[in-house]
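This report describes the open and enclosed spaces of one structure and the ligand that goes with it. The sequence and the model come first, and the description follows.

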Amino acid sequence: MKIAVYPGSFDPITNGHVYIARRAAAIFDKVIVSVLLNGQKNSSAFTVEERCEMAREALSGIKNIEIDSFNGLLVDYVRQVNARVIIRGLRAMSDFEYEFQMALMNRQLAPEIETFFIVTDPKYSYVSSSSIREIFSFGGTVQNVVPPDVFKKLLERYQGKSRKS
Ligand code: ADP
């Protein structure tokens with residue numbers, strides 16, 4: 001069974017993440033979308049449990065996707081779940097340098113593990129969790145970039161602030 005891990009902070013999961021997870025699920029027998037616990041930044045909008053719940057809801061229609069969370073070194077986690085592949089999404093060249101460095105570092109740590117890059121749909125190339133958090137925190141909203149359940153959670157989280165659309 002070919003198992004791949006799609007790691008990230010998913011704070012919160014966006015339609016860009018969903019797109020990558022869906023394409024990975026069409027290639028691998030099982031894809032584990034795993035939320036990174038490491039040093040939860042104070043800037044996190046959602047707890048790991050909330051992020052997992054939103055990811056579970058957004059990806060519930062895809063049978064071979066599981067949601068999990070992990071702490072520590074990614075390669076240790078990948079080995080622990082018997083996976084051989086790390087999935088990463090690429091939006092633009094700006095993602096590439098960081099992702100390339102991380103892939104090489106992970107190969108140094110675990111030569112048997114492969115990093116797979118999946119290119120985003122152009123319509124999500126500008127979408128990042130951090131920009132979405134920022135927009136909602138200032139009272140703005142953006143449509144069609146996050147799953148409906150995430151949209152609701154973002155409104156709840158930042159409700160009470162003035163909102164423009
Ligand atoms: P972010 O960079 O938005 O905080 P994560 O740390 O959760 O997101 O990223 C997990 C992975 O998903 C990374 O490989 C990242 O490049 C990728 N990714 C994030 N947003 C998108 C998007 N809109 N389209 C495709 N891949 C994405």
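In which loop is P12 found? P12 is found in the loop between strand 1 and helix 1. The model is a predicted one. In this model, the peptide bond that leads from D11 to P12 is cis, with omega near 0°.

A second backbone feature belongs to N82, whose phi is near 60°. That is a positive value in a residue other than glycine. N82 is found in the loop between helix 3 (74-80) and strand 4.

**The ligand and its shell**

The ligand is surrounded by 18 residues. Y6, F10, G89, T120 and Y124 are the closest of them. Four elements each supply at least two residues of this shell: strand 1 (3-8), helix 1 (15-25), strand 4 (85-90) and helix 4 (93-109). By class, the shell has six nonpolar, eight polar and four charged residues.

Three polar contacts with the ligand are listed in the table.

| Residue | Protein atom | Ligand atom | Distance |
|---|---|---|---|
| F10 | backbone N or O | oxygen | 2.9 Å |
| H17 | polar side-chain atom | oxygen | 3.2 Å |
| T120 | side-chain N or O | nitrogen | 2.8 Å |

On its own, the ligand has 540 Å² of accessible area, and the protein covers 90% of this. F10 and T120 thus appear twice in the description: both are among the residues closest to the ligand, F10 has a backbone atom 2.9 Å from a ligand oxygen, and T120 has a side-chain atom 2.8 Å from a ligand nitrogen.

**The largest pocket**

Where does the ligand sit among the pockets? The space taken by the ligand is the largest pocket. This pocket holds about 1,000 Å³ of space. It is lined by 42 residues, and P7, G8, S9, R88 and E99 are the closest to its centre. Two or more lining residues come from each of strand 1, helix 1, strand 4, helix 4 and helix 5 (129-137). Helix 4 gives the largest share of the lining, with six residues. Sorted by class, the lining residues are 15 nonpolar, 19 polar and eight charged.

**The second largest pocket**

For the second largest pocket, the volume is about 160 Å³. The residues that line this pocket are M1, K2, I3, F28, N82, A83, R84, V85, E112, E114 and F116. N82, the residue with the positive phi, is therefore part of this lining as well as of the loop before strand 4. The lining of the second largest pocket is made up of six nonpolar residues, one polar residue and four charged residues.

**The cavity**

How many cavities of 30 Å³ or more does a search of the whole structure find? The search finds one. The volume of the largest cavity is about 30 Å³. Its lining consists of L74, I86, R88, E99, M102, A103, N106 and T115. Strand 4 and helix 4 each supply at least two of these residues. Helix 4 gives four, which is the largest share. The classes are four nonpolar, two polar and two charged residues.

R88 and E99 line this cavity, and both are also among the residues closest to the centre of the largest pocket. Helix 4 likewise recurs: it gives the largest share of the lining of the cavity and the largest share of the lining of the largest pocket, and it supplies at least two residues of the shell around the ligand.

Notes: Residues are numbered from 1 along each chain as its sequence is written. This is a predicted model: local features need pLDDT of at least 70, side-chain atom pairs count only at pLDDT 80 or more; totals for chains, interfaces and linings use all residues. Side-chain values use heavy atoms; hydrogens and water are left out. A residue is near a molecule or strand if one of its heavy atoms lies within 4 Å of it. A polar contact is a pair of N or O atoms within 3.5 Å; within protein, one must be able to donate a hydrogen and the other to accept it, and residues adjacent in sequence count only if both atoms are side-chain atoms. Accessible areas come from the Shrake-Rupley method with a 1.4 Å probe; for residues, only the protein chains shown count as cover. On a 1 Å grid over the protein atoms alone, a cavity is a set of points where a 1.4 Å probe fits but cannot get out, and a pocket is an open set with protein on both sides within 12 Å along at least five of seven lines; lining residues have an atom within 4 Å of a point. A molecule sits in a cavity or pocket if more than half of its atoms lie within 2 Å of its grid points. Ala, Val, Leu, Ile, Met, Phe, Trp, Tyr, Cys and Pro count as nonpolar, Asp, Glu, Lys and Arg as charged, and the others, Gly among them, as polar. Grid points are joined across faces, edges and corners, and a volume is the space filled by probe spheres set on the points.
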